[in-house]
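This report walks through one protein model for a reader who has not seen it before. Look over the sequence and the structure first, then read on.

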Amino acid sequence: MEPTSHIPENNKKPPIVTQKFSQALKTADHKELKSTGFWLNQFFMVISTVFGVYLAAQSGLEQALKFDSFSKMEDNYYLRTSLYDEVNDNANTVAEYAERLAKNPPKSEMEFFKPTLEQYIWKTMQFSPTTLETPSEFLTRAC
């Protein structure tokens with residue numbers, strides 16, 4: 001046995017719902033949709049939303065680029081400071097060796113106190129992403 005249905009075959013909704021819906025459409029006030037002011041208001045609302053999102057995205061991108069720039073400058077500062085300290089230590093070591101040589105020590109003492117130059121930072125710079133951002137004047141300047 002099939003259940004009996006009170007819904008006609010061509011219309012799936014009950015007639016009471018259809019009647020209420022059509023009556024609600026008839027009684028609704030559609031005057032505002034015909035108004036030019038309503039459509040202008042909606043148009044300007046969409047334009048201002050798009051413009052606001054564009055300005056927010058532009059500002060966000062600008063801040064992200066500034067942050068990235070400052071972050072790279074900070075990393076490069078630490079790299080340059082470390083390199084300066086290493087070169088300064090090496091210069092002091094060579095100066096001390098030069099003073100010792102000025103006193104005409106025996107050849108065996110000169111070989112025994114031969115200076116060893118530190119090159120850790122210099123060699124590590126090969127693997128640092130900020131090395132190529134270091135201005136060449138810092139890498140080639142004489143102390």
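Which residue caps the N-terminal end of α3? Ser35 does: one of its side-chain oxygens lies 3.3 Å from the backbone nitrogen of Gly37. The model described here is predicted.

**Overall make-up**

The protein contains six helices and zero strands. Read from the N terminus, its elements follow the order α-α-α-α-α-α. Of the 143 residues in the protein, 9% are buried. When contacts between residues at least 6 apart in sequence are considered, 62% of them join residues at least 24 apart.

**Helices α1 and α3**

Helix α1 covers residues 15–27, which is 13 residues. From its first C-alpha to its last, α1 reaches 18 Å, close to the 18 Å expected at 1.5 Å a residue. The number of buried residues among the 13 of α1 is zero, so α1 lies largely in the open.

Helix α3 spans residues 36–102. It has 67 residues, and the distance from its first C-alpha to its last is 97 Å, close to the 99 Å expected at 1.5 Å a residue. The buried residues of α3 are Phe38, Asn76, Leu79, Leu83, Glu86, Asn90 and Tyr97. Three of these, Phe38, Glu86 and Asn90, are taken up again below.

**Salt bridges**

How many salt bridges does the structure hold? There are two. The table lists both pairs, with the distance between their closest N and O atoms and the relative accessible area of each partner.

| Pair | Closest N and O atoms | Relative accessible area |
|---|---|---|
| Lys66 and Glu62 | 3.6 Å | Lys66 40%, Glu62 42% |
| Asp68 and Lys72 | 3.8 Å | Asp68 37%, Lys72 37% |

Lys66 and Glu62 are four residues apart in helix α3, so about one helical turn separates them. Asp68 and Lys72 are also four residues apart in α3, and about one helical turn lies between them. In the pair of Lys66 and Glu62, Lys66 counts as partly exposed, and so does Glu62. In the other pair, Asp68 is partly exposed, and Lys72 is partly exposed.

**Two buried polar residues of α3**

Glu86 sits in helix α3. Which side chain of opposite charge is nearest to Glu86? It is Lys123, at 9.4 Å. Glu86 is buried yet has no salt bridge; a salt bridge requires the nitrogen and the carboxyl oxygen to be within 4 Å. Apart from neighbours within four places in sequence, Glu86 is in contact with Glu118, Gln119, Tyr120, Ile121 and Trp122.

Asn90 is another residue of helix α3. Its relative accessible area is 13%, so Asn90 is buried, the cut-off being under 20%. Not counting residues up to four places away in sequence, Asn90 touches Leu117 and Glu118. Glu118 thus appears among the contacts of Glu86 and among those of Asn90.

**An aromatic pair**

The structure holds three aromatic pairs. One of them joins Phe38 and Trp39, whose ring centres are 5.1 Å apart. With 80 degrees between the planes, the pair of Phe38 and Trp39 is edge-to-face. Is Phe38 buried or exposed? Phe38 counts as buried, at 19% relative accessibility. Its partner Trp39 is partly exposed, with a relative accessible area of 49%.

**After α3**

What follows α3? Asn104 does, and its phi is positive, near 55 degrees. Asn104 belongs to the loop between α3 and α4, the latter running over residues 107–112. Most residues other than glycine have a negative phi. Asn104 has a positive phi although it is not a glycine. With a relative accessible area of 67%, Asn104 is exposed.

**In brief**

The protein is built from six helices and zero strands. Among these helices, α3 has 67 residues, and its N-terminal end is capped by Ser35. Helix α3 also contains the paired residues Lys66 and Glu62, as well as Asp68 and Lys72. The buried residue Glu86 has no salt bridge, while the exposed residue Asn104 lies in the loop between α3 and α4.

Conventions
Residues are numbered from 1 along each chain as its sequence is written. This is a predicted model: local features need pLDDT of at least 70, side-chain atom pairs count only at pLDDT 80 or more; totals for chains, interfaces and linings use all residues. Side-chain values use heavy atoms; hydrogens and water are left out. Buried means under 20% relative accessible area, exposed over 50%, partly exposed in between (1.4 Å probe, protein chains only). The expected span of a helix is 1.5 Å times one less than its number of residues. A polar contact is a pair of N or O atoms within 3.5 Å; within protein, one must be able to donate a hydrogen and the other to accept it, and residues adjacent in sequence count only if both atoms are side-chain atoms. Lys and Arg count as positive and Asp and Glu as negative; His and the chain ends are not counted. Contact means heavy atoms within 4.5 Å. Rings of Phe, Tyr and Trp (its six-membered ring) pair if their centres lie within 6.5 Å; planes under 30 degrees apart count as stacked, over 60 as edge-to-face and the rest as tilted.
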